[in-house]
Amino acid sequence: MVFDTVMGIEEAKKEVLKCARCGKCRSVCPVFLETGDETRVARGRISLAEAIFQGEIFYTPELRDYIYSCKKCLRCQAICPSEVNFSEIIDALLEGIEKNMGIPRLARLILRHLLPRRRLFDLTLSIASFGQRFIPGERRGTLRHLPLFFMGNRWLPPLAGQTVLNKYSHAKGPANPKMRVGFFVGCLTNYVYPDMADSLINVLNKLDIEVIVPSQQVCCGIPARSLGDSTAARKLAEKNREVFEAEHLDAIVSGCGTCTLTIKRDYLKILGESWRPMHDKIYDINVFLEKFTRYDTTPLDSTVTYHDPCHLRWGQGIVEEPRKVIGRCATLKEMASPERCCGGGGIFSLIYRDLSMKIGEHKIRSIERSGAEKVVTSCPGCMLQLSDLAAAKNLSVEILHVVELLDRTLKENGKAATAVKQKTGAGNQP
Ligand code: SF4
Ligand code: SF4
């Protein structure tokens, strides 16, 4: 067993001992609620971790399946009365799997050699984007079934003709900006949702904020973290550090809940305390807008419902800020259980596609029953999953990012808008 080199193994062992085996996590875990399988909930996985750490059981394909089927949604962690840091445990298990059993060669190649080389990754995806047009097979509206190695059997909107990082390869902004803000774009926004990036940049520019989009930034590293490849995760984190530290920014914003959580929380673990000054400047876009800007709008004549991305709500405790932004743009009609997971989530939704869609069925029913014209969320991963779910159910509902709604409102009904410069930094959690 290779444990000595697993990052955070000692912390994980301590966290395992904190679990009181109360089973409260069973009441909320989206995977357990669908499968009813004790080995697929935090309590069961913690028992497995304890047995592994004590050398009573070994890594096997069956055990790997129990660990990979965790969505890392952090719902259990948010509700746990014993405050078990489940994230530490699952990360150590994933890394243990990678070190003891390895990961598929192709995945390793992509994580270690493709993701850190942006030009090469661009080239690969532009070939895929071109090929996407000629792939025979089913279509659901604009969604295409992609039988490509990196998307399994997911459905995807067309890949962007021009990526965000190529489009905004240098600074863009007002003449006398009040703040200089870096935009961490993230892969899904860069390659699939460039409109969301356009909106985020438009909104910030309108608020007198200069937006820097460093063209050499790379993937946040979440796919590597999800497969326990700490070498690849470190390589990506170091590259992003080099790129963003060079820009001397007042703040860094991201429109993806998962990217924000990764570059804040995980980079602190990967890069250590030297990342702290940058960590303190990183903001989810909703939090940034609420903290540093003021704008006056007349809400559009439209009803929207909001879906809470897990990594925003459970990972960072961000609940009110997106709702406040939406409230200034339209009539917010809460769906039943807006906090319930949509079933999406990177590697999980590729490996466990059927389970992912089953989890999402509750969400799509809630959306339908809300009667809202639009679903707004704040994570491109959730947008992808919601599009897939809506298309599968033939539900005609527009799916938008919060900043797209705000951009539209400022264009149609905006009155005054500006940034309110104040100190960024400490106290900005997690
Ligand atoms: S809720 Fe927390 S303490 Fe209770 S079983 Fe789950 S992980 Fe353990
Ligand atoms: S992180 Fe999510 S999927 Fe994993 S055990 Fe906790 S609640 Fe279940």
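Let's start with how far to trust what you're looking at: the protein chain has a mean pLDDT of 89, and 89% of its residues reach 70 or more. This is a predicted model, and pLDDT is the predictor's confidence in each residue, from 0 to 100. One stretch to treat with care is residues 145-152, where pLDDT stays under 50. The model has 23 contacts beyond four places in sequence for that stretch.

Now zoom out. The protein chain contains 22 helices and 13 strands. It has 430 residues, and 58% of them count as buried. What about contacts along the chain? Among those with a separation of 6 or more, 78% are between residues 24 or more positions apart.

A nice place to begin the tour is an open sheet of 4 strands. Read across it and the order is β10-β9-β11-β12, with parallel pairing. β10 (331-332) and β12 sit at the edges with a single partner strand each, so one side of each has no neighbour in the sheet. What holds such strands together? Strands of a sheet pair through backbone hydrogen bonds, either parallel or antiparallel.

Let's walk across the sheet, pair by pair. β9 and β10 are paired in the parallel sense over 2 bridges, and T303 is found opposite T331 in β10. Next, β9 runs parallel to β11, and 3 bridges join them. Here T305 has V375 in β11 as its bridge partner. Finally, 4 bridges link β11 to β12 (residues 398-401), again in parallel, with T377 partnered by H401 in β12.

Is strand β11 covered or open on its faces? Look at residues 374-377: K374 and V376 lie on one side, V375 and T377 on the other, and all of them are buried. Both faces of β11 are therefore covered, given that buried means under 20% relative accessible area.

Follow the chain out of β9 (303-306) and you run into H307, in the loop before α17 (310-316). Is H307 buried or exposed? Its relative accessible area is just 1%, so H307 is buried. Who surrounds it? Leaving aside neighbours within four places in sequence, H307 is in contact with a list of residues including M335, P338, C341, C382 and L386. V375, V376 and T377 of the strand we just visited are on that list too. K363 is another of the contacts, and the side chains of H307 and K363 are joined by a polar contact of 3.0 Å.

For contrast, hop over to K415, which sits in strand β13 (residues 414-419). K415 has a relative accessibility of 57%, so it counts as exposed. Beyond its neighbours within four places in sequence, K415 is in contact with D296, T297 and T298. K415 and T298 are 117 residues apart along the chain, yet their C-alpha atoms are separated by 8.0 Å.

Time for some helices. Take α14 (residues 257-271) and try a quick check with a ruler. At 1.5 Å a residue, its 15 residues should span 21 Å, and the end C-alpha atoms are 20 Å apart, which agrees. α14 does bend, by about 30 degrees at R265. The helix is mostly covered, with 13 of its 15 residues buried. Right after it comes G272, with a positive phi near 80 degrees.

Try the same check on α11 (residues 194-206). Its 13 residues should span 18 Å at 1.5 Å a residue, and the end C-alpha atoms are 18 Å apart, in agreement. This helix is mostly covered as well, with 10 of its 13 residues buried. The buried ones include P194, M196, L200, I201 and L204. Following α11 is D208, whose phi is positive, near 65 degrees.

Why point out a positive phi? Most residues other than glycine have a negative phi. E83 is not a glycine, yet its phi is positive, about 55 degrees. You'll find E83 in the loop between α5 (75-79) and α6 (86-101), and with a relative accessible area of 61% it is exposed. S337 also has a positive phi, near 50 degrees, without being a glycine. Its loop runs between β10 and α19 (346-351), and at 33% relative accessibility S337 counts as partly exposed.

Key. Residues are numbered from 1 along each chain as its sequence is written. Chains are lettered from A and ligands numbered from 1 in the order in which they are written. Side-chain values use heavy atoms; hydrogens and water are left out. Buried means under 20% relative accessible area, exposed over 50%, partly exposed in between (1.4 Å probe, protein chains only). A polar contact is a pair of N or O atoms within 3.5 Å; within protein, one must be able to donate a hydrogen and the other to accept it, and residues adjacent in sequence count only if both atoms are side-chain atoms. Contact means heavy atoms within 4.5 Å. The expected span of a helix is 1.5 Å times one less than its number of residues. The bend at a residue is the angle between axes fitted to the seven residues ending there and the seven starting there. Two strands pair if DSSP finds at least two bridges between them.
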